[in-house]
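New to this one? Here's a quick briefing to read alongside the picture.

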Amino acid sequence: MGEGRDLSVSVGRPTQASVDLEALRANLEAVQRLAGFARVLAVVKADAYGHGAVSASRTFVAAGAWGLAVSLVEEGLELRAAGIDAPIVVLGGVYPGLEELVVQHRLSPVVWEVEHIRRLAAAVKRTAGPPVPVHLKIDTGMSRLGLLPTELSAWLDVLSAEAGESLPLEGVMTHFACADVEGDTFTAEQVARFEACLSLLRERSVEPGLRHACNSAGIVTAPRAHLDMVRPGLALYGVSPAAHLQFPGIRPSMTMESRIAGIRRLEAGAGVSYGHRTVLEAPAVLGIVPVGYEDGYMRSMSGSAQVIVAGRRCRVMGNVTMDTTMVDLTDLYREGTEVNVGAPVTLLGCQGSERVTAAEWAEWAGVIPWEVLCGISKRVPRR
Ligand SMILES: *Cc1c(COP(=O)(O)O)cnc(C)c1O
């Protein structure tokens with residue numbers, strides 16, 4: 001600094017991801033429009049799906065999110081340490097030993113076992129802290145976390161007997177298993193089961209607080225379940241959970257770019273990368289790109305992945321390695337376009353009129369788009 005060096009010109013390894021905070025803001029608003037009057041609990045677990053939890057959270061709250069949802073207490077603490085004051089729901093529950101931090105930092109844990117109530121109520125008492133708002137999770141068919149509808153009545157008995165005023169219900173929730181599956185009919189069944197649980201709460205004069213069920217897919221496929229609040233993750237990052245689901249107004253918020261680090265002209269017969277996965281049938285020009293599976297550029301995309309160089313899609317050649325990937329520039333050269341060392345390579349996002357999407361990465365790698373975004377590693381600097 002202060003020596004006239006232009007910090008906008010990157011030095012060092014050029015592989016970077018950019019997070020478009022303006023896109024995050026616009027996506028929150030687009031999802032809010034789809035959700036109507038329901039509040040938005042913005043899901044920022046897993047470092048905001050790889051976008052950087054603190055900046056993404058600030059953006060979502062400023063754009064009108066009611067609160068933030070994380071998976072772990074530790075993720076909630078990161079947001080509090082950054083001065084974020086909005087409600088933070090801890091979706092994954094509270095592991096033993098972390099209860100006092102939950103009280104102290106005003107986190108709102110999701111609870112479903114009697115054990116959770118006992119540990120949290122004890123922590124409130126021990127610390128003489130403020131009440132801990134909790135969200136009760138009901139398993140209506142995901143078969144993962146949550147109490148079963150048949151256990152609800154007994155659980156409420158324990159809550160009123162043991163928690164008293166110390167654990168007010170801030171919400172009651174469930175989670176969909178199949179909302180992104182084309183032709184799904186199971187979500188309607190889950191909604192019906194959840195509604196039956198809500199009726200039981202009414203019969204027992206238990207105020208449920210905020211009722212919430214919808215993940216991104218559910219917001220589109222189960223409007224009846226918008227209830228008081230929705231819990232979008234993926235759609236906030238501009239990616240639809242499935243090709244048949246439309247989210248008007250969202251756009252991808254993450255791009256990943258690198259630069260050509262070397263050019264290699266090879267004769268027919270040359271083998272490329274580990275295991276000589278590709279053996280050239282004709283002379284070729286390869287671009288060496290400093291990105292690899294350690295960055296989240298998955299090895300399983302070898303053979304199908306494409307990048308954009310000079311506005312044109314180019315195929316990845318041979319196996320992706322830990323730090324380096326080779327791309328085929330032969331067609332560009334044949335068309336008379338020379339590519340220099342330092343030329344931009346778009347791995348994810350737009351260049352010219354071409355776009356590579358997270359959905360494409362997922363298809364190439366045989367994974368889901370969630371894994372693509374979360375998989376872009378911490379080694380890749382975020383701009
Ligand atoms: C991750 C998660 C979400 C968000 O899911 P998306 O499909 O990314 O919208 C919502 N609710 C719960 C409980 C989750 O774990």
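Start at the beginning of the chain: pLDDT stays under 50 over residues 1-8, and for that stretch the model has one contact beyond four places in sequence. Keep in mind that this is a predicted model. Where pLDDT is low, the predicted coordinates shouldn't be read in detail.

**Confidence overall**
- Across the protein chain, pLDDT averages 96.
- A score of at least 70 goes to 97% of the residues.

**Where the ligand sits**
- The ligand takes up the space of the largest pocket.
- There are 14 residues around the ligand, and Lys45, Tyr49, Ser216, Arg231 and Gly233 come nearest.
- Sorted by class, that shell is made up of six nonpolar, four polar and four charged residues.

**Polar contacts with the ligand**
- Lysine 45 has a polar side-chain atom 2.6 Å from an oxygen atom of the ligand.
- For tyrosine 49, a polar side-chain atom also lies 2.6 Å from a ligand oxygen atom.
- Tryptophan 370 joins in too, with a polar side-chain atom 2.9 Å from an oxygen atom of the ligand.

**How covered the ligand is**
- On its own, the ligand has 390 Å² of accessible area, and the protein covers 92% of that.

How values were computed
Residues are numbered from 1 along each chain as its sequence is written. This is a predicted model: local features need pLDDT of at least 70, side-chain atom pairs count only at pLDDT 80 or more; totals for chains, interfaces and linings use all residues. Side-chain values use heavy atoms; hydrogens and water are left out. A residue is near a molecule or strand if one of its heavy atoms lies within 4 Å of it. A polar contact is a pair of N or O atoms within 3.5 Å; within protein, one must be able to donate a hydrogen and the other to accept it, and residues adjacent in sequence count only if both atoms are side-chain atoms. Accessible areas come from the Shrake-Rupley method with a 1.4 Å probe; for residues, only the protein chains shown count as cover. On a 1 Å grid over the protein atoms alone, a cavity is a set of points where a 1.4 Å probe fits but cannot get out, and a pocket is an open set with protein on both sides within 12 Å along at least five of seven lines; lining residues have an atom within 4 Å of a point. A molecule sits in a cavity or pocket if more than half of its atoms lie within 2 Å of its grid points. Ala, Val, Leu, Ile, Met, Phe, Trp, Tyr, Cys and Pro count as nonpolar, Asp, Glu, Lys and Arg as charged, and the others, Gly among them, as polar. pLDDT is the predictor's confidence in each residue, from 0 to 100. Contact means heavy atoms within 4.5 Å.
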